[in-house]
Amino acid sequence: MMKRIALSIMLLAVAVSMPAKIWIGGSLSINTSNTSLGSYNLDANNSIEVSPEIGYVLSGKWALGLRIGYAHYDNAETTMIDQTVAGQSNQFSVSPFVRYTFHRAGSFSFYADGSVDYLSTSKSGYDSNMNTLGAAVCPGMNYAINDRLGLTAHLGSLGYQHSWMKDRGIKLKNDAFNFNIFGSFAFGVYVNL
């Protein structure tokens, strides 16, 4: 019994002292807006987004990862085919990515993520889901607090998205290119295992 405990402690010590190969992390975003005209409340929108991720370091420059996201939008107004629908919408996303770290300076590292993204958006009061497939390059940076814990920031994106849905025999398609470098920020935390 003592040998097993001692062996377990030794293996744990070796695992903790090894360079981290796997990280887990993610980001949380909460937004709220309220539009009023005098004493009239015209519009209120609230959203929450959760995006956990897991990654594996291949080398000092390259890593692979997977980000899974969930977003909930309340009172968001959306025009879908021939009607405008207000209410709640939910969005699920899956984004495998490749990360290339191109510069390190002390505790900071700067990288670019290349991802393939799939999103499914459902709207309350509407029977059809909007599906989106896209690809993006997103610059970002990490700040290592210590060997195990760090902060991360994603700084916009450059990408393409193709969206589609079918409702009452009508097909809706949308193609969008975006160049949103430094136009939006997402902050998160990661832990090296």
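## Where confidence drops

Let's start with residues 11-18: across this stretch of the predicted model, pLDDT stays under 50. The model has 4 contacts beyond four places in sequence for these residues. Where pLDDT is low, the predicted coordinates should not be read in detail.

For the protein chain as a whole, the mean pLDDT is 82, and 77% of its residues reach 70 or more.

## Rings that pair up

Now to the aromatic side chains, which form 5 pairs in this model. One of them joins F108 and Y143 in a tilted arrangement, with 4.9 Å from centre to centre and 50 degrees between the planes. Because F108 belongs to strand β5 (residues 108-123) and Y143 to strand β6 (residues 130-144), this pair ties together parts that are 35 residues apart in sequence. F108 is partly exposed, at 34% relative accessible area, and Y143 is also partly exposed, at 32%.

A further tilted pair is made by Y160 and F177, whose centres are 4.9 Å apart and whose planes differ by 45 degrees. Here Y160 sits in strand β8 (residues 158-167) and F177 in strand β9 (residues 170-179), so distant parts of the chain, 17 residues apart, are linked. Is each partner buried or exposed? Y160 is partly exposed, with a relative accessible area of 32%, while F177 counts as exposed at 70%.

## A cluster, and charges over rings

Ring pairs also join F108, F110 and Y143 into a cluster.

Two arginines are worth finding in the structure as well. R67 lies over the face of F97, 4.4 Å from the ring centre. R99 places its charged end over the ring of Y111, at 3.9 Å from the centre.

Methods. Residues are numbered from 1 along each chain as its sequence is written. This is a predicted model: local features need pLDDT of at least 70, side-chain atom pairs count only at pLDDT 80 or more; totals for chains, interfaces and linings use all residues. Side-chain values use heavy atoms; hydrogens and water are left out. pLDDT is the predictor's confidence in each residue, from 0 to 100. Contact means heavy atoms within 4.5 Å. Rings of Phe, Tyr and Trp (its six-membered ring) pair if their centres lie within 6.5 Å; planes under 30 degrees apart count as stacked, over 60 as edge-to-face and the rest as tilted. Helices (H or I, at least four residues) and strands (E, at least two) are DSSP runs, numbered from the N terminus. Buried means under 20% relative accessible area, exposed over 50%, partly exposed in between (1.4 Å probe, protein chains only). A charge sits over a ring if NZ of Lys or CZ of Arg is within 6 Å of the ring centre and within 35 degrees of the ring normal.
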